[in-house]
Amino acid sequence: MTAYPVIATDLAAAIGHTPLLRLRQASEQTGCEILAKLESANPGGSIKDRTALGLLLDAERRGALRPGGTIVEGTAGNTGIGLALIGASRGYRTIITMPQTQSREKIDALRVTGAEVRLVPAVPYANPDHYAHQARRLAEAMNAADPGSAWFADQFDNTANRDFHEATTGVEIWEQTGGRVDGFVCATGTGGTLAGVGRALKLLKPMVTIALADPAGSALASYINTGELKAEGGSISEGIGSSRVTANFAGAPVDLAWSIPDTESVPWVHALMHDEGINAGGSSGVNVAGAVRLARALGPGHTIVTVIADAGTRYQAKLFNPGFLRDKGLPVPEWLERAFPG
């Protein structure tokens, strides 16, 4: 008799419990076991499905979102996709404010969910027209006109984000490795994943090393290493990095931090796709580069865990576009040149 998997009762029940996948090349290069949580396997295609679910469940518990209400969020894309999909499955509508600089693939993916997408200029967080501030003002205006009609998810400073990763992502990593985890590393935008997983693993194994892989242009590696928020350079990676310490990131138990240039991270995106069949986005390249650095810092024989946050095809016009890569001074592998000649 054929055994079938348990049937998920709704979309929320299908989020999480993602595979832990051994990264062959990174493991062979370092003599460590480098493993990645395949978060692109979530229904919405990214780790932000977890963030969206954690925020939404907390809002429902607190009565902050009434039945049939409107979810409002400012996002670079993936959290919005998660909120819109889960929201649709639970009877909510969704309005997203989003920087107009984000990939066309993510903008289109959001619109396909049925969310109302409002593209706004990409400005620093200190600017009152930053996409997160615009989302907050929109929710406040909607609630002023119709009290309780809107809920601002606030992924950056709503610590239900961090708490959900602590209760789910971190615990899953511990269970999947049988407690044999020596280090965890990933990039951060809101801070939820790194802080949540870090808290969970430190509680279970205080000697575990938690590390930040920060894209160039972000100030967080400098903050961890020097106490000063100082950014240098830039990156083509989307949805990660920050110029401030969010409520989710504050107090994160980070032991090591590196600033990862695109010249180091983007080749990992290409190698994962071509040599291991792993469809990974730009932040995942930063994560794997960070895992390799952590493995070399700890030495051979250790087990390092990181995250495949989403799929590279969500950024195809950048990551897999030879012309774009050349314009940015980034290496273009021969197989990609052959795939897209001219």
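**Figure 1. Overview of the chain in the predicted model.** Buried residues account for 56% of the 342 residues in the chain. The structure is a predicted model, and its secondary structure consists of 14 helices and 10 strands. A compact globule of 342 residues would have a radius of gyration near 20 Å, and the 19 Å of the chain agrees with that. Taken along the principal axes, the box filled by the C-alpha atoms is roughly 60 × 55 × 50 Å. Of the contacts in the chain with a separation of 6 or more, 70% are between residues 24 or more positions apart. Carbon and sulfur atoms contribute 53% of the accessible surface, which comes to about 14000 Å². The side chains include 30 positive and 34 negative ones, and the centres of these two sets are 2 Å apart.

**Figure 2. Strand 8 and its pairing with strand 7.** Strand 8 covers residues 209–215, and 7 of its 7 residues are buried. In a regular strand, side chains alternate between the two faces of the sheet. In strand 8, T209, A211, A213 and P215 point one way. I210, L212 and D214 point the other way, and the residues of both sets are buried. Strand 7 (residues 183–186) pairs with strand 8 in the parallel sense, over 4 bridges. One of the bridge partnerships joins F184 to I210 of strand 8.

**Figure 3. Positive phi at H17 and D154.** Most residues other than glycine have a negative phi. H17, which is not a glycine, has a positive phi of about 55°. D154 is not a glycine either, and its phi is also positive, at about 55°. Where do the two residues lie? H17 is in the segment before strand 1 (20–22), whereas D154 is in the loop between strand 6 (150–152) and helix 6 (160–167). Are they buried or exposed? H17 has a relative accessible area of 69% and is therefore exposed, the cut-off for exposed being over 50%. D154 counts as buried because its relative accessibility is 14%, and buried means under 20%.

**Figure 4. Buried residues of helix 6 and the helices they pack against.** Helix 6 spans residues 160–167. Its buried residues are A160, N161, R162, F164 and H165. Which helices do the buried residues of helix 6 pack against? They pack against helix 2 (48–62), helix 7 (169–176) and helix 8 (192–204).

**Figure 5. Surroundings of S283 in helix 11.** S283 belongs to helix 11, which runs over residues 282–298. With a relative accessibility of 8%, S283 counts as buried. Apart from neighbours within four places in sequence, the contacts of S283 are with S237, I240, A309 and D310.

**Figure 6. G234 in the loop between helix 9 and strand 9.** The loop that holds G234 lies between helix 9 (220–226) and strand 9 (256–260). G234 counts as partly exposed, with a relative accessibility of 48%. What does G234 contact, once its neighbours within four places in sequence are left aside? Its contacts are A216, G217 and D262. G234 and T188 are separated by 46 residues in sequence. From C-alpha to C-alpha, G234 and T188 are 15 Å apart in space.

How values were computed
Residues numbered from 1 in each chain as written. Predicted model: local features only at pLDDT ≥ 70, side-chain atom pairs only at ≥ 80, totals over all residues. Heavy atoms only, no water. Rg over C-alpha atoms; globule rule 2.2 N^0.38 Å. Buried < 20%, exposed > 50% of the residue type's maximum accessible area, 1.4 Å probe, protein only. Contact = heavy atoms within 4.5 Å. Areas by Shrake-Rupley, 256 points an atom, 1.4 Å probe, with all protein chains shown as cover. Lys, Arg positive; Asp, Glu negative; His and termini not counted. Charge placed at Lys NZ, Arg CZ, Asp CG, Glu CD. Pairing = 2+ DSSP bridges.
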